[in-house]
Structures are given as structure tokens and as C-alpha cells.
Number of protein chains: 4
Amino acid sequence: MADTAKRADPPVRKRADARRNEQALLDAAATVFVASGVQAPVREIAAQAGVGMGTIYRHFPTRADLIIAVYRHQVQACVEAGPALLAAAETPHAALTQWIDRFVDFLVTKHGLAATLRADQQGFDTLIHYFLDRLVPVCAQLLQAAVDAGQISDDVDARELMRAIGNLSVGIEGDPDYDARRMAALLVAGLRVST
Amino acid sequence: MADTAKRADPPVRKRADARRNEQALLDAAATVFVASGVQAPVREIAAQAGVGMGTIYRHFPTRADLIIAVYRHQVQACVEAGPALLAAAETPHAALTQWIDRFVDFLVTKHGLAATLRADQQGFDTLIHYFLDRLVPVCAQLLQAAVDAGQISDDVDARELMRAIGNLSVGIEGDPDYDARRMAALLVAGLRVST
Amino acid sequence: MADTAKRADPPVRKRADARRNEQALLDAAATVFVASGVQAPVREIAAQAGVGMGTIYRHFPTRADLIIAVYRHQVQACVEAGPALLAAAETPHAALTQWIDRFVDFLVTKHGLAATLRADQQGFDTLIHYFLDRLVPVCAQLLQAAVDAGQISDDVDARELMRAIGNLSVGIEGDPDYDARRMAALLVAGLRVST
Amino acid sequence: MADTAKRADPPVRKRADARRNEQALLDAAATVFVASGVQAPVREIAAQAGVGMGTIYRHFPTRADLIIAVYRHQVQACVEAGPALLAAAETPHAALTQWIDRFVDFLVTKHGLAATLRADQQGFDTLIHYFLDRLVPVCAQLLQAAVDAGQISDDVDARELMRAIGNLSVGIEGDPDYDARRMAALLVAGLRVST
DNA sequence: TATGAATGAGTGTTCATTCAT
DNA sequence: GATGAATGAACACTCATTCAT
């Protein structure tokens with residue numbers, strides 16, 4: 001048994017450490033992203049986490065990997081909210097509106113994250129695709145439902161809409177008079193077919 | 001008149017090369033901004049213009065000065081288009097739509113410029129204000145006309161709208177399926193009061 | 001005791017190379033200071049030490065930090081020599097003379113260091129204060145002893161004297177016929193009350 | 001006559017302009033040297049004089065040439081004061097003291113000039129030699145008179161003394177508690193043979 | 001001859017990334 | 001594995017000096 005323990009424990013122990021580090025990094029990154037944006041220096045994140053910089057590179061080889069990991073849960077929640085809202089809301093368009101609202105909420109509370117949905121940053125393609133790959137299908141489902149209900153025209157692409165919403169949610173902190181949620185709502189309202 | 005021209009020219013003459021350089025810089029900057037964004041290294045712009053770096057600093061002490069100079073004419077044209085469209089269009093809302101369309105056109109053809117309308121860049125306040133100070137009043141005039149015509153509700157701030165449009169026009173190049181003009185049109189459509 | 005040593009060493013071990021680098025930097029800086037003055041380019045010092053520039057900034061964030069580190073030991077030795085000389089010399093004035101001599105010795109062998117005691121360089125206040133804060137009290141003690149012994153008048157300020165000696169020790173290399181020690185001795189001689 | 005005028009006048013006219021410029025430059029340099037030291041940017045001096053930078057280079061190819069020209073008159077006055085003081089003062093040593101006092105006065109009122117008497121600045125050899133070549137003989141004369149009068153020992157070199165005084169006069173502005181005149185007087189006092 | 005625009009080497013400083021310990 | 005020291009490319013900015021006008 002001692003033998004078994006010896007063989008089994010160390011890897012587990014290591015993994016325990018590693019996991020602790022990974023979690024520390026995620027927490028630290030979340031904090032730093034809020035304070036300094038997702039482009040914050042690697043050092044800053046490492047320092048906040050209390051680990052070496054090498055540890056970041058081990059767990060998250062690219063910055064995109066780290067950002068994805070930081071927001072994975074919230075993205076997932078957003079994904080899951082789609083069908084739920086569709087089931088609960090009075091109309092598909094109302095569900096869409098609420099879901100977009102939720103998405104904007106998510107973006108604006110994560111300083112700088114929305115900026116990563118922009119395409120002109122080199123190296124962020126991975127990141128953009130990760131988010132869009134997960135959220136676009138949900139959005140598409142909501143859109144389709146609204147189309148089927150005759151509430152909106154069928155000529156809007158889910159991906160394009162997500163990009164637009166992402167853009168609208170950019171750079172909030174500097175301007176307290178800019179309400180991304182409101183702007184997004186206007187855009188969604190613009191989707192309606194005149195009846 | 002020829003005489004007058006002759007007398008007026010000399011003071012300007014001295015800068016024949018200087019003006020050539022200034023224009024070369026503006027052209028170079030416009031090109032580089034498209035290729036690498038408005039944050040492109042000073043050296044790159046200087047190289048593209050075929051001048052030394054010091055020359056940039058002489059003509060445009062800060063980056064904002066250069067960006068403003070690059071887009072000054074186009075901004076002015078945009079400003080002047082407002083009243084013209086208002087006079088020509090069938091309804092105020094149509095004028096607004098067309099003007100926004102023109103604004104987006106301007107932004108999306110100038111890679112990276114739209115990004116400067118974001119607030120989270122330090123040191124770009126001057127720039128943002130320059131653009132907004134000129135365009136917001138025009139937008140406000142168009143909005144008010146539409147409000148007066150009962151076409152849209154009166155609860156939209158011109159500055160907020162400009163910011164939204166600016167955001168929608170960000171990061172186009174990476175995604176050929178994203179049509180900023182369309183998205184902007186949707187947002188403007190969303191302004192309409194249901195009749 | 002071997003055990004204690006073993007336990008004490010490890011925390012220091014990790015920095016085996018760092019310490020080597022730090023020492024290399026101190027040596028290199030001392031050399032370069034002699035050749036090019038304390039204002040020598042950071043790159044030159046890094047090259048002389050065979051390290052990257054970042055390494056200098058890691059170890060010595062400001063230039064003053066580096067200069068202080070380079071001369072710390074010698075300043076300390078000078079500080080400690082004061083009381084020793086006072087105890088050993090025949091008279092307080094003799095002790096003062098010898099101590100000043102030692103100080104000049106220190107300064108003239110460190111090219112450019114004396115120049116840092118000048119006040120007209122911006123950003124060197126820290127440095128000047130570091131040196132003066134340590135040496136002025138010693139000088140004051142020696143002065144007071146001489147005053148008490150009736151050898152010199154009591155109207156000389158230690159800080160002022162240090163500044164004067166520092167100035168006298170400046171810019172030696174260019175003129176082999178200039179003997180700072182001699183000049184300093186004359187000044188100290190001038191302190192004597194005529195008897 | 002018209003011919004003569006044509007040939008003779010233009011060069012004279014030109015010289016009048018050139019002289020005006022030269023004087024303007026000297027005035028400007030004197031002003032700027034006080035404000036920013038003798039190492040002030042060429043541009044600053046040109047701007048103060050209201051001329052182009054090329055004009056400075058035409059009149060004063062090197063910085064040393066400009067500095068020399070700026071202080072030529074005062075140096076000359078200092079030179080002439082030597083014999084005068086020797087004739088007027090009670091003793092040669094008193095004359096020496098007064099002359100040194102005058103020299104220090106000259107230096108400390110010219111910000112940064114004293115620093116140029118230091119040898120560790122590259123390219124200032126010309127400057128140093130210009131000043132010393134003129135002042136050392138005067139100092140030597142005063143020293144010799146004092147030696148002849150038995151007031152001071154004969155082992156002090158005039159050039160060395162001038163260098164020492166120059167050094168003592170360096171970097172005054174930053175320290176209101178440093179009195180260069182006093183320090184110089186102490187040094188001169190130290191020259192006296194004990195009687 | 002005067003001007004001042006242009007040049008570009010020089011310098012400080014930051015920070016992503018690697019790798020010896 | 002984890003650490004964080006080291007690297008060095010990248011960049012902004014200054015200013016002495018040259019030279020076209």
C-alpha cells in the first residue's frame with residue numbers, strides 16, 4: 001500500500017498543486033482583467049496570482065487560452081440561458097431581447113473583453129472563434145424562433161449580430177453616458193418587421 | 001489677380017519641400033493606418049513617407065495631431081453632409097439613416113479610426129473629442145428633426161448614438177461577413193416609434 | 001554550524017547567477033564610470049557586463065541605484081574611518097586633514113563620482129543626499145573636535161565643506177598637474193585659526 | 001563712384017547684418033546660459049536670438065566658440081583687474097584674495113560656466129584652455145608677488161589654483177547654503193605661510 | 001548669407017518569452 | 001513542475017548637425 005501510495009499520490013499531489021495554481025491564475029487574471037484590461041502585462045497577472053511567469057505559460061500557452069479559461073463558465077451560462085429564456089419568455093423576440101441583454105451584461109462587466117471580439121488584433125482569432133462558436137448557435141436558435149414567429153425578418157445572420165453586439169459593448173468605462181444595453185436593445189428592436 | 005497670386009505665394013514658397021513632406025506624411029499615415037492601425041510605429045509611417053522620424057515630430061507633435069490631420073477633410077465633409085441630407089431627403093429619419101450610413105462608410109474605410117472613438121485608450125481623449133465635437137452637433141440636429149417629425153422618440157442622446165455607431169464600425173477587415181452599414185441601419189431603425 | 005550554514009545557504013543559492021550578474025554589473029559600471037562618467041549609456045554598461053539591458057533595470061531600477069551600489073562599500077569605509085582617525089591622530093585638525101585626504105582619494109579614484117555631488121543635475125538629488133547624509137555627520141564630528149580643541153573657528157558648516165571638497169575632486173583625469181588632494185589640504189589648512 | 005559703391009557697400013552692409021546677428025546671438029546665449037546652462041540646446045539659443053540655427057553654426061562653429069565669445073569681455077576685465085588690485089591692495093596676499101573673489105564672482109553669476117572648466121567633458125578642451133590661457137598668467141603674477149613678499153610658499157602652481165577655484169565655483173544654484181566665495185577664501189587663506 | 005526643415009544616431013524604457021536553476 | 005532572472009526586440013522621443021531653398 002505504501003508502494004501504491006507512493007506511485008499514486010505524487011501525481012495526484014502534483015495535480016493538486018497544479019490545479020491550485022490554475023485556479024489562482026484564473027482568479028488573478030479575472031481581477032487583473034477588470035483592473036487593466038485583457039491586455040495587461042503577464043507579469044501583473046503572475047504577481048497577482050503569486051506564481052512565476054513560467055507557470056502562466058505552462059497552463060495557458062497563449063493569452064487567448066487564459067482569457068477563454070477565465071470566461072468559460074460565464075460563456076457557458078450564457079449559452080445555457082438561451083433555451084431557458086426561449087421557453088420562459090412570452091415571445092421569441094422578447095427572449096432574444098433578454099438574451100442579448102444578458103450577453104451585453106456579461107461583456108460590459110468584463111473590462112476589455114468585448115474589445116477582444118474585435119478582429120483587428122493579431123493573435124486573437126482563436127479567442128474570437130471560441131466565443132463565437134459557442135454563442136452563435138444559441139443566438140441563431142433564438143433568431144430562428146423569432147423568424148418563425150413572424151416577428152423579425154429572416155435576413156439577419158446570427159454571427160453578424162453577435163459581432164455587432166460585441167462591438168456595442170466595447171469601451172464602456174470611459175463614458176458613463178454610454179449605455180451599451182440600451183444601444184443593443186435598439187438594435188434588436190430594429191430587427192422587428194413592421195406589422 | 002496674377003499679381004496678387006504672385007505676392008501671396010512667396011511666404012508659402014519657402015515650404016515647398018515642407019509641404020511636400022507634410023502631404024507625403026499624410027498619405028503615408030493614411031496608408032499605414034489602413035495596414036497597421038492608428039497605433040502603428042512612428043518609424044513605419046516615416047519610412048512609408050520616405051522621411052526621417054524627426055520630420056513627423058516637427059509636423060505632428062503628437063500622434064493625435066497626425067490622425068486628426070489625416071481625417072480632417074473627411075470629417076468636415078461628413079459634417080457638411082448633415083444639413084444637405086436633411087434638406088434633400090424625404091423625411092428626417094431618412095436623412096438620419098443616410099447620414100449615419102455615410103458616417104459608417106467613412107469609418108469602415110479608415111481602418112482603425114473607429115477604434116479611436118473608443119474611450120479606453122489613454123491619450124486619445126484629444127482625438128475622440130475632436131471628432132465628436134464636430135460630428136455630435138450634426139447628429140443632434142438630424143435627431144431633433146426626426147423627433148420633431150414624430151418619427152423617433154426623443155430619448156436618444158446624439159453623443160451616445162455616435163459612440164454606438166463608432167463601435168459598430170470597429171474591426172471590420174477581419175470579417176467579410178460583417179456589414180457595419182447594415183448593423184448601423186438596424187440600430188437607426190430601432191429608433192423609430194412604432195406607429 | 002555546518003548544518004546552520006547549509007540551512008542558511010539555500011535561500012541564497014537560487015540567486016547564484018543573479019548575484020554573479022549583479023556583481024558583473026557593479027564591476028562593469030565601475031569600469032564604464034571611469035571611462036565615460038556616471039552618465040554613460042545604459043547599453044554601454046550592459047554590454048560591458050555582458051548582460052541584457054533588462055538585467056540592469058531589474059537590479060538597479062534607476063541610475064542612482066546603480067551608482068550608489070557601486071560606491072556603497074567605499075562610502076561606508078570612509079564613514080568608519082572618521083572616528084578611527086580621530087582616535088589615532090595627534091590632533092583633531094590632523095585627523096580632519098587625514099580624513100579629508102581619504103575622502104578625496106576615494107573621489108578622485110572614482111571618475112565622475114565627484115561630479116554627482118554637484119547639484120545642477122536633475123534627478124541626482126537622491127544620489128547626492130545618499131552620500132552627504134552619510135558623510136556629513138562624520139565630517140561634522142571631526143570639525144567639532146577641532147573646534148573644541150581650539151584649532152579651527154566654529155563657523156564652518158560640515159555640509160558646505162563636503163561640497164567644497166567634492167567640487168575640488170572633480171574632473172581630474174584631464175589635467176595631470178592638478179592635485180585635488182593638495183588643494184583640499186590647502187582648504188583645510190585655511191580653516192585654522194591663526195595662533 | 002557708383003561702381004565703387006557697388007563694390008564696397010554690399011560687403012559692408014552684409015557685415016552690418018552679420019554683426020547684428022552676432023550680437024543678438026551673444027545676448028541670447030548669455031540669457032539662455034543663465035536660464036539653462038551652457039549645455040542648453042542650440043535651438044533654444046537660436047530661438048531666443050530670433051535667428052536660424054544655421055546662423056549660429058556660421059558664427060560659432062562649436063559650442064566652445066560661442067561660450068568664449070559670450071564671456072570674452074568679462075574674462076578680459078578679470079585679466080585687467082589683476083595688476084590693478086596688486087597696485088591698490090595693502091599686501092600681495094590681499095590682492096590675490098580680492099582677485100580670486102572677483103573671479104569666483106564672475107563664475108558663480110554665470111550658471112554652468114564653471115562646470116566647463118572641468119576636464120571630463122569631451123570637446124571642451126578648447127574652452128578650458130581659452131580661459132586658463134588668459135587668466136593663469138594674471139594669477140601667476142599675483143601669486144609671485146605674494147611669494148616675493150614672503151606671504152605664501154612658492155610651491156603653488158597658478159594653473160592648479162585656477163582649476164581649484166573653478167571647481168569650487170561649480171553647481172551653486174542647487175544649494176543656497178554653499179558659498180563658493182567663502183570656500184575660495186579659505187583656500188587662499190590656506191596658502192599663507194605660518195609666521 | 002540666412003533660414004529652418006530634414007536627418008538619423010543615440011538613448012531610455014517596457015515587456016513577451018525563454019530557460020537555467 | 002515551478003520559479004523568476006535574463007534576454008533583446010521594439011518603440012518613443014530628443015537634438016546636434018547638415019543642406020536645400
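**View 1. Surroundings of Glu22(C).** Apart from neighbours within four places in sequence, Glu22(C) makes contact with His59(C) and Phe60(C), a contact being heavy atoms within 4.5 Å. Glu22(C) sits in helix H2 of chain C; helices (H or I, at least four residues) and strands (E, at least two) are DSSP runs numbered from the N terminus. Glu22(C) counts as partly exposed because its relative accessibility is 32%, where buried means under 20% relative accessible area, exposed over 50% and partly exposed in between (1.4 Å probe, protein chains only). Between the C-alpha atoms of Glu22(C) and Leu86(C), which lie 64 residues apart along the chain, the distance is 35 Å. The model is predicted, so local features need pLDDT of at least 70 and side-chain atom pairs count only at pLDDT 80 or more, while totals for chains, interfaces and linings use all residues; side-chain values use heavy atoms, with hydrogens and water left out. Residues are numbered from 1 along each chain as its sequence is written, and chains are lettered from A and ligands numbered from 1 in the order in which they are written.

**View 2. Protein surface near DNA strand F.** Around DNA strand F there are 36 residues, of which Thr55(A), Arg63(B), Asn21(C), Gly52(C) and Arg58(C) come nearest; a residue is near a strand if one of its heavy atoms lies within 4 Å of it. Of the strand F atoms that come within 4 Å of the protein, 61% belong to sugar and phosphate. By residue class, this surface has 14 nonpolar, eleven polar and eleven charged members (nonpolar: Ala, Val, Leu, Ile, Met, Phe, Trp, Tyr, Cys and Pro; charged: Asp, Glu, Lys and Arg; polar: the others, Gly among them). Elements that each supply at least two residues include helix H1 (2–36) of chain A and helix H2 (16–36) of chain C.

**View 3. Polar contacts to DNA strand F.** Polar contacts are pairs of N or O atoms within 3.5 Å; within protein, one must be able to donate a hydrogen and the other to accept it, and residues adjacent in sequence count only if both atoms are side-chain atoms. A phosphate oxygen of strand F is 2.6 Å from a polar side-chain atom of Arg63(B). For Gly52(C), a backbone N or O atom lies 2.6 Å from a phosphate oxygen of strand F. A polar backbone atom of Gly54(A) is 3.4 Å from a base oxygen of strand F.

**View 4. Protein surface near DNA strand E.** Among the 34 residues around DNA strand E, those nearest are Asn21(B), Gly52(B), Arg58(B), Thr55(D) and Arg58(D). Sugar and phosphate make up 57% of the strand E atoms that come within 4 Å of the protein. Side-chain N or O atoms of Asn21(B) and of Arg63(C) each lie 2.5 Å from a phosphate oxygen of strand E. Arg43(C) places a polar side-chain atom 2.8 Å from a base nitrogen of strand E. H4(B) gives the largest share of this surface, five residues. The surface divides into 13 nonpolar, ten polar and eleven charged residues.

**View 5. Chain A and its N-terminal residues.** Chain A has eight helices and zero strands, and 47% of its 195 residues are buried. Its average pLDDT (the predictor's confidence in each residue, from 0 to 100) is 82, with 81% of the residues scoring at least 70. Over residues 1–12 of chain A, pLDDT stays under 50, and the model has two contacts beyond four places in sequence for them.
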